Every structure is written in C-alpha cells, then in structure tokens.
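Biologist: I keep running into labels like "buried" or "edge-to-face" and I'd like to see how they are earned. Can we go through some together?

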Amino acid sequence: MSSVFGSGSIITSDEFLLQIQGFLRVHKDGRCERFVGNKTMPTGIDPSTGVQSKDVVISPDTNLSARLYIPKTITPDRKLPILVYYHGGGFVVESAKSPTYHPTLNLITAESNVIIVSVDYRLAPEHPIPTGYNDSWEAIKWVATHSNAGGLEPWLNDYGDFQKIFLVGDSAGANIAHNMAIRAGLEPIGEINLEGIIVLHPYFGGNEPIGSELWKHKHLKAYTDQFWNLANASRSGLDDPLFNPQKNPDLSGLGCSKILLCVAEKDNFKDRGLYYKELMDKSGWPGKLEMMETKEEDHVFFLFNTSSHNSHALHKRINTYTPSVPK
C-alpha cells in the first residue's frame, strides 16, 4: 500500500454520504470536510533560497488565483521560462498555498531559474469537473495576456519569456497539464509558445486494470478511482478521455513539442505512467517524450522529502529540461 494513500479505505454511514479515509468526508447536506491541504503558508522572500512569492487574482468573478514565484537572481535584461504549475490532490484536496507545495516550488524556482505560476484551481466536489480544467485553461490565457508586456502582473511583464512556456503538474495536476496541452493543440494561443509539459507521477486511470492493478495494487486502484468518481459530475466513468488518455482521439495533436514524464519505482501509478508513454509513442504525435524513473521512491516523494538526493535529482532534471537563455 502506498504510504501516500494511508489505509486506502472508502467509508459510508448514516451520518455522511462518503468518506475517503485520510482525505475528506462529504456530508449529506453537500458540505465537504477536508482532512488535508487546509493549511496555508505565507508569501514573501524565502530565507533559504531568496525566492520571492506573492498571490494574485486571475478572475475576480470565479475567485481564481495563483501564487507566483521569481528567483532572487532575476534581472530585467534576462527573460526566464514560465512554468505554469498545477498541484495534485485528486482534484478534491490541496491548494497552491499549501505547505505541501510552497517549499518545493521555492526550490524549483531557485534551482531551475524560472518563474512559476502555481494555479489555485477550484476543487471538486463543490466545483465538479470540468471546473478545475476550465480554471487551468483560464490561467494559461491570463499568462498569455502579458506576452507584449501589457498584462496586469509586472513580474510576468518584466521577466517572463513567453516563447518558453511549460505546463507542469504532479498526480492530478499532471493529468491537468496533459489535458491542457491537448486543448492547446485544439485551441492554440498565438501569443505564447508552449514548449513542453512535465508530468510528475500522473494520475490517470481507466475501467480496465493494467499492470500491477491486476494484482498488487488491485485494492488501491479501487480506492484511488473514487477520487475521480467523486470529482466528475458528468458520471462519464473511468474511461472519460480526461482520465483515460487511451480514449482520447486527440493525442496526436498534443500542442507542444516535448514531454518529460517522471515516474517512481514504488508508485502504484507507475504502470499508468508507462502506459501513457506507450500511448504517446504510438499516437503519431511528432514530439519527443523523455522519461525519468526514480528508484526506491513512492508517489510524489519530492513533496515530502524536499532535501533528499532523489528530490534534488528531479529538480536538476527539470532544470535541464527548461533552460533559460544565458546573459
């Protein structure tokens, strides 16, 4: 059993509709009680990296916001790649302001010398899918409004390289990054160049179990599938193309030229990541997919042990994948 998912229990009772053990409880009145991802960390200058962060509103109408990060080495005469980051949490927990994400994004900003826009998309079940996807797309379009230095956010106007846009996410956020690249292929945004996506331990699924889901992770698949079922208002099931890439007819039109896929040896989603690679390799998509497997690690390990050798190795790979142009 993956340590990330605890006991892997789904509970129902007369007192509430559903409880995903360790993560959230949905009450009969529709109220959602979350057990993780509720804490927040303040913005400002990180003392260990010198990275500066702040929160910005993208859409007052929907209360969509993002947390921005810039490295201490930033100068107006050197434009930096922009990483649009989508957090994980099964579409139902966590946030861009969470202590799960803030330290890691400080480190990636400093070590990769990039600007990060960490999107605080709205969560299901209060805001069911496709709300999170739509918010994520709105965030990309908002970033693009700064391409000619005419946006509302000076950090992007002054320091962003809009020819080097990357979409990055972990777990459910990796799912979002992939699907945003699909949408970018269908609805190109002319003001920016989406160079690549980085999918970290992606949360994909499907009706038919694959690999270790047939035996070792059979119970865990049933457990993690419930996050999608809870989040997805359309009730289109586990073979929804947003969740199962094998069912998406638009894979060949993915709107970027490269993918960095990262998997972990002990992650129950590893086989889904490997299957994603197989699907993209066979899809006819003309880009290049690179894969990094981290040995002896579990799902999103880099969020919980930020100073480990393997976490630094992952940051280094991201750095080489998203190089900024030297002075």
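Modeller: Sure. Keep in mind that this is a predicted model. A place to begin is Q19, whose bridge partner in β3 is R25.

Biologist: What makes β2 and β3 a pair of strands?

Modeller: Strands pair if there are at least two bridges between them. β2 (residues 16–20) and β3 (residues 24–27) have 4 bridges, in the antiparallel sense, so they pass. In their hairpin, with 3 residues between the strands, G22 takes a positive phi near 90 degrees.

Biologist: And how do you know that β3 pairs with β4?

Modeller: By that rule of at least two bridges. β3 and β4 (residues 32–34) pair over 3 bridges, in the antiparallel sense, and L24 has R34 as its bridge partner in β4. That hairpin has 4 residues between the strands, and G30 takes a positive phi near 90 degrees there.

Biologist: On to the rings. Why is the pair of F91 and Y203 called tilted?

Modeller: A search of the whole structure finds 12 aromatic pairs. In one of them, F91 and Y203 are 6.2 Å centre to centre, with 45 degrees between the planes. The centres have to lie within 6.5 Å, and stacked needs under 30 degrees while edge-to-face needs over 60, so this pair is left as tilted.

Biologist: What does the pair of F91 and Y203 tie together?

Modeller: F91 is in the loop between β8 (80–86) and α1 (102–112), whereas Y203 is in the loop between β11 (194–200) and α5 (218–231), so the pair ties together parts that are 112 residues apart in sequence.

Biologist: Why are F91 and Y203 called buried?

Modeller: The cut-off is under 20% relative accessible area. F91 has 3%, so F91 counts as buried. Y203 has 2%, so the label fits Y203 too.

Biologist: What makes the pair of Y203 and F243 edge-to-face?

Modeller: The angle. Y203 and F243 have 70 degrees between the planes and are 5.0 Å centre to centre. Edge-to-face asks for over 60 degrees, so the name applies. Y203, in the loop between β11 and α5, is 40 residues apart from F243, which lies in the loop between α5 and β12 (258–264). Y203 and F243 are both buried.

Biologist: Which residues do ring pairs link into a cluster?

Modeller: F91, Y133, Y203, W228, F243 and F269.

Biologist: How do you know that K54 sits over W155?

Modeller: K54 lies over the face of W155, at 4.3 Å from the ring centre. The limit is 6 Å, together with an angle within 35 degrees of the ring normal. K258 lies over the face of Y321, at 4.4 Å from the ring centre.

Biologist: Now a backbone oddity. What makes E296 stand out?

Modeller: E296 has a positive phi of about 60 degrees although it is not a glycine. E296 sits in the loop between β13 (288–294) and α7 (301–304). Its relative accessible area is 52%, and exposed means over 50%, so E296 is exposed. A149, in the loop between α2 and α3 (154–159), also has a positive phi of about 60 degrees without being a glycine.

Biologist: Where are the cis peptide bonds before P125 and P130?

Modeller: P125 lies in the loop between β9 (115–120) and α2 (131–144), and the bond from A124 to P125 is cis, with omega near 5 degrees. P130 is in the loop between β9 and α2 as well; the bond from I129 to P130 is cis, with omega near 20 degrees.

Key:
Residues are numbered from 1 along each chain as its sequence is written. This is a predicted model: local features need pLDDT of at least 70, side-chain atom pairs count only at pLDDT 80 or more; totals for chains, interfaces and linings use all residues. Side-chain values use heavy atoms; hydrogens and water are left out. Helices (H or I, at least four residues) and strands (E, at least two) are DSSP runs, numbered from the N terminus. Buried means under 20% relative accessible area, exposed over 50%, partly exposed in between (1.4 Å probe, protein chains only). Rings of Phe, Tyr and Trp (its six-membered ring) pair if their centres lie within 6.5 Å; planes under 30 degrees apart count as stacked, over 60 as edge-to-face and the rest as tilted.
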